[in-house]
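Work through the exercises below with the structure open beside you, and try each task before you read its solution.

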Amino acid sequence: MIGAFISIITFLLLGLFGITWAPFAILVALLATMALTPLYGWALERLAYRPLRHSPRLAALITAIGMSIFLQNYVQLVQGARIKPLQSLVTGGIEIMQRGDFVVTLGYMQILIVVLTVVLMAAFTLLIQRTALGRAQRACEQDLKMAALVGVDVDRTIAATFVMGAALASVAGLIFLLYYGVVDFFIGFNAGIKAFTAAVLGGIGSLPGAMLGGLLIGLIEAFWSAYFSVEYKDVAAFTVLVMVLIFRPTGLLGKPDIEKV
Amino acid sequence: MTTLLSLSGVRTSYGNIEALHGVDLEVREGEIVTLIGANGAGKSTLLMTVCGNPPVAHGQILFAGRDITRMPTHAIVRLGISQAPEGRRIFPRMTVMENLLMGAVAAPPGAKAPKPNDSAASCEGTPSGVTPAPGLSSGRPAPPAGNGDGAAADLERAFRLFPLLEERREQSGGTLSGGEQQMLAIARALMSRPRLLLLDEPSLGLAPLLVRQIFDAIARLNRDEGTAILLVEQHAHQALRLAHRGYVMANGRIVLSGGGSELLANPEVRAAYLEGGVGVRPAGEGAS
Amino acid sequence: MAGARGGSRNDPAPDGTGALFREAGLAGLLVFGLAAALVGVRVQDGAASAIAPLAFRFDDAFTAAAAAALGRLGVALLRAGLAAPVLAGGTAVAFAVALAQVFFPAHPLLLALLFDTAMPNWLVALFAGFLALAAGWRLRHAPLAIVSETAAREAAMDRIGAEVQRWARYAGPLIFLLALALPLMPFADRRLVDVAILVVTYIMLGWGLNVVVGLAGLLDLGYVAFYAIGAYAYALLAKYVGLSFWLCLPFAGIMAAFAGLLLGFPVLRLRGDYLAIVTLGFGEMIRIILLNWYQFTGGPNGVSGVPRPSFFGLPFTESPPEGGHSFHTFVGLFWPLSISPTAKFS
Ligand SMILES: Nc1ncnc2c1ncn2[C@@H]1O[C@H](COP(=O)(O)OP(=O)(O)OP(=O)(O)O)[C@@H](O)[C@H]1O
Ligand SMILES: [Mg+2]
């Protein structure tokens with residue numbers, strides 16, 4: 001949500017200066033939102049999560065929910081509660097296939113989104129898998145105390161993780177804004193729940209799993225909305241989630257813990 | 001010998017319960033020091049306290065003349081103290097290779113040579129001919145190219161020390177056997193080329209042959225590279241024979257200290273910690 | 001006695017003034033970065049957007065940054081043991097801001113210097129006052145020999161917790177009596193009693209949640225779904241089937257328990273995050289169903305006209321129905337005051 005708002009502000013600011021050439025505007029917005037949104041991630045970690053590092057899981061979870069409500073209210077206060085529209089920047093597309101009246105087009109916007117997603121995905125996978133920072137992050141996730149014992153600056157690493165997460169989320173916000181052309185302070189809530197659901201469905205901690213989960217949730221909702229009812233699409237998604245988890249308690253691609261004691 | 005690590009009057013608490021009630025302890029350059037004591041005496045707590053977690057409530061810890069009492073764990077570790085903690089704590093979902101690389105996080109960039117700390121100078125400034133030369137004691141002079149190549153050299157050394165690990169370099173840490181995990185834990189601790197190595201029960205749960213191998217490795221490390229070692233062990237006999245000096249801990253206090261053989265001969269120590277092996281008197285022990 | 005023991009060493013390395021100012025400056029920069037876009041620029045909507053798409057409030061962003069820098073400076077000074085300037089500065093800022101806000105809320109200079117809306121200004125004043133108080137306390141009492149910030153904080157929290165628990169034993173019955181007496185108080189009106197009842201409702205919810213999360217250790221994020229089920233069960237049964245409150249009470253409980261069973265069986269195998277998300281999903285499902293099943297639940301409008309509870313046919317109303325009794329006339333409950341306070345409840 002914050003990412004989307006910073007993006008729309010950037011677009012409108014550029015518009016004031018008469019810059020509307022889409023590729024440039026999008027690039028600037030991307031940079032601006034990826035530079036400013038992570039500040040929120042960092043501040044959040046510092047103020048809300050770090051003091052709870054050694055508290056029970058529940059405390060962190062409640063704080064997370066509380067913080068998301070706080071940020072929503074903050075944005076609502078400073079930006080107003082109404083939906084903010086943005087006229088579409090990227091229009092048109094390529095016609096892929098035509099048979100009689102039936103035309104399949106691929107919008108430039110869709111292409112842009114896919115490319116952006118794939119590139120970022122690859123970059124972050126590489127970062128997590130290959131770099132020292134990524135290793136340190138995984139070490140912190142697996143054993144915080146031991147990570148500190150091998151010399152990882154745990155505070156910095158976790159802060160870096162929050163910053164990265166916020167950067168990614170801000171890009172998602174930018175994409176949302178570009179695609180739907182609107183933002184309001186509430187767009188994050190549903191996305192958050194869906195993201196969590198997708199991650200769980202695919203198996204927590206598995207990147208391909210998260211993608212598969214997201215794909216499945218999206219498909220289920222789309223088909224359910226089309227053939228049954230829009231209202232109950234969430235019910236359908238959650239029902240499938242429950243069904244899957246009954247038979248695979250660690251998600252589709254999640255591995256059961258193989259820890260030795 | 002110059003003092004490398006010294007604890008004076010160190011008290012530590014877990015919440016409201018004090019686990020260390022004023023511990024004084026010293027490890028000198030190039031020395032193996034063994035710490036023995038009953039379960040729950042506070043040995044592991046002592047080692048962890050040196051690394052700043054749990055924090056020192058009272059008292060002072062000096063490392064190479066530098067006050068590390070209030071430092072955060074990672075800063076302490078980066079000064080050249082490395083620990084293979086109780087329970088091994090291998091990162092379970094990382095490969096052996098990655099675990100080792102994690103150990104190199106605290107490796108000094110470039111040459112490790114005695115750190116020219118202003119405060120350390122007072123202590124290190126007086127070189128002693130008796131110890132293995134400080135240059136040696138601090139591990140190999142790193143290859144000039146810097147961190148990357150340094151890590152490569154360290155990896156090579158780790159694999160030389162425990163060849164088994166090389167075969168399993170791509171296996172994930174959680175699936176290693178207990179013994180392999182122990183080797184990995186020690187190898188990981190060595191990756192940062194520490195000046196002081198803290199080992200917490202490295203022989204726990206290992207087959208006798210492996211225990212021997214580990215003890216040999218420790219001795220070799222100390223002899224060849226002059227790494228100072230503070231060793232916590234339940235195999236009191238072997239550990240004391242290996243050590244230059246030893247401390248006995250009970251109920252969060254040091255109750256006895258002295259040279260390794262001196263402690264071995266001490267009737268109280270024998271009664272309390274060596275009776276278990278009574279059937280296997282020194283001679284038998286050597287054969288095991 | 002808590003974990004922090006009086007140590008012989010107090011302050012860690014004394015910070016140089018340079019470090020203090022750098023810290024304050026960084027805090028200011030950070031807050032400016034946070035505020036520049038979202039506070040500094042507002043996306044206009046509605047009619048205003050036709051004139052200009054953006055409105056600028058950079059002065060507020062600067063104010064926020066300055067406030068953060070000053071506050072951080074105060075905190076840092078306090079930590080370094082320099083309480084006197086903090087006391088002076090904090091008091092000055094608190095009074096200045098408060099007075100300005102009260103007497104010249106619309107003065108252009110103040111609008112430029114302070115936030116344009118009152119609330120954040122009050123927050124600034126409040127925080128400055130709080131800093132000043134802390135500094136004053138620090139001046140009067142010898143600096144604590146702090147092991148570490150967290151240890152000290154935990155020790156303080158432990159003390160407070162123990163205190164609360166000690167008082168709870170006496171306060172519990174007292175509060176209970178107070179609750180009984182509350183409706184009889186002259187100041188009690190409908191709103192107050194409503195709020196008090198809401199409080200009791202939340203307490204019950206908390207008890208229930210404690211059973212699941214606290215005692216069973218299952219992180220149930222959809223717990224409120226059962227709250228909804230209970231409420232709807234009563235409302236719908238009473239409205240459509242015409243059951244009385246007293247019959248509905250166990251029924252509602254049974255239905256909620258049944259829903260719990262339905263959820264519980266599949267979920268028992270799950271742990272941690274998986275359990276959390278499934279229960280969250282369950283809660284959402286219930287919410288969505290209740291909201292969308294117009295014919296049955298009335299959707300977002302809810303169920304209205306739910307019959308109120310009665311006691312063996314005696315309604316809990318103030319004025320008894322024609323030729324009958326209501327509960328309080330029947331049992332002869334009378335009010336010690338000349339004017340019946342229940343008049344306010346109708
Ligand atoms: N995290 C903790 N929280 C509370 N108490 C602890 C904690 N860790 C250790 N203790 C307590 O501190 C005391 C010392 O424990 P420690 O682990 O240092 O013993 P030890 O000498 O290493 O024993 P062992 O030989 O069994 O490993 C014990 O009484 C133990 O119960
Ligand atoms: Mg131990």
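**Exercise 1. The surroundings of ligand 1**

Find which atoms of Glu201(B), Lys43(B) and Gly40(B) lie close enough to oxygen atoms of ligand 1 to count as polar contacts, for which N or O atoms must be within 3.5 Å.

Solution. Begin with Glu201(B), which places a polar side-chain atom 3.3 Å from an oxygen atom of ligand 1. Keep in mind throughout that this is a predicted model. Lys43(B) also uses a polar side-chain atom, and here the distance to an oxygen atom of ligand 1 is 2.7 Å. In Gly40(B) it is a backbone N or O atom that lies 2.8 Å from an oxygen atom of the ligand. The area of ligand 1 taken alone is 630 Å², and the protein buries 59% of that.

Next, widen the view to the shell of 13 residues around ligand 1, in which Gly40(B), Lys43(B), Ser44(B), Thr45(B) and Glu86(B) come nearest. Sorted by class, this shell holds 4 nonpolar, 6 polar and 3 charged residues. The element that gives the most to the shell is helix 1 of chain B, with 3 residues.

**Exercise 2. The magnesium site**

Identify the residues that coordinate the magnesium ion (ligand 2), then decide for each whether it is buried, partly exposed or exposed.

Solution. The coordinating atoms are OG of Ser44(B) and OE of Glu86(B), at distances of 1.9 to 2.4 Å from the ion. These two residues are 42 residues apart and link distant parts of the chain, since Ser44(B) belongs to helix 1 (residues 43-50) of chain B, while Glu86(B) sits in the loop between strand 6 (81-84) and helix 3 (96-103) of chain B.

For the second step, recall that a residue is buried under 20% relative accessible area and exposed over 50%. Ser44(B) counts as buried because its relative accessibility is 17%. Glu86(B) counts as partly exposed because its relative accessibility is 41%.

**Exercise 3. Two residues with positive phi**

Locate Ala64(B) and Asn251(B), each of which has a positive phi without being a glycine, and work out whether each is buried or exposed.

Solution. Take Ala64(B) to begin with: its phi is about 50°, and its place is in the loop between strand 4 and strand 5 (66-67) of chain B. With a relative accessible area of 3%, Ala64(B) is buried.

Turn then to Asn251(B), whose phi is near 50° and which lies in the loop between strand 9 (245-250) and strand 10 (253-259) of chain B. Asn251(B) is exposed, because its relative accessible area is 61%.

**Exercise 4. Thr73(B) and the end of a loop search**

Determine which backbone oxygen the side chain of Thr73(B) reaches, and list the contacts of Thr73(B) beyond its neighbours within four places in sequence.

Solution. Thr73(B) is found in helix 2 (residues 73-78) of chain B and is buried, having a relative accessible area of 11%. The side chain of Thr73(B) reaches the backbone oxygen of Cys51(B) at 3.0 Å. Once neighbours within four places are set aside, Thr73(B) is in contact with Ala148(A) and Leu149(A) as well as with Cys51(B), Gly52(B) and Asn53(B).

One of these partners, Asn53(B), leads to a further feature, for a cis peptide bond with an omega of about 10° joins it to Pro54(B). Pro54(B) itself lies in the loop between helix 1 and strand 4 (58-63) of chain B.

**Exercise 5. Burial in chain A**

Explain why helix 5 (residues 132-142) of chain A can be called largely enclosed, and then trace the partners of Gln79(A).

Solution. Count the buried residues of helix 5 of chain A: they are 8 of the 11, so this helix is largely enclosed by the rest of the structure. Among them are Gly134(A), Ala136(A) and Cys140(A). The cover includes helix 4 (108-130), helix 6 (144-149) and helix 7 (154-180) of chain A, together with helix 3 of chain B.

Gln79(A), in helix 3 (residues 57-79) of chain A, is buried, with a relative accessible area of 0%. The side chain of Gln79(A) reaches the backbone nitrogen of Val43(C) at 2.9 Å. Leaving aside neighbours within four places in sequence, the contacts of Gln79(A) include Phe5(A) and Ile9(A), and also Leu38(C), Arg42(C) and Asp45(C).

How values were computed: Residues are numbered from 1 along each chain as its sequence is written. Chains are lettered from A and ligands numbered from 1 in the order in which they are written. This is a predicted model: local features need pLDDT of at least 70, side-chain atom pairs count only at pLDDT 80 or more; totals for chains, interfaces and linings use all residues. Side-chain values use heavy atoms; hydrogens and water are left out. Donors are N, O and S atoms within 2.8 Å of the metal (3.2 Å for Na, K and Ca); water is not among the atoms, so sites may look incomplete. Helices (H or I, at least four residues) and strands (E, at least two) are DSSP runs, numbered from the N terminus. Buried means under 20% relative accessible area, exposed over 50%, partly exposed in between (1.4 Å probe, protein chains only). A residue is near a molecule or strand if one of its heavy atoms lies within 4 Å of it. A polar contact is a pair of N or O atoms within 3.5 Å; within protein, one must be able to donate a hydrogen and the other to accept it, and residues adjacent in sequence count only if both atoms are side-chain atoms. Accessible areas come from the Shrake-Rupley method with a 1.4 Å probe; for residues, only the protein chains shown count as cover. Ala, Val, Leu, Ile, Met, Phe, Trp, Tyr, Cys and Pro count as nonpolar, Asp, Glu, Lys and Arg as charged, and the others, Gly among them, as polar. Contact means heavy atoms within 4.5 Å.
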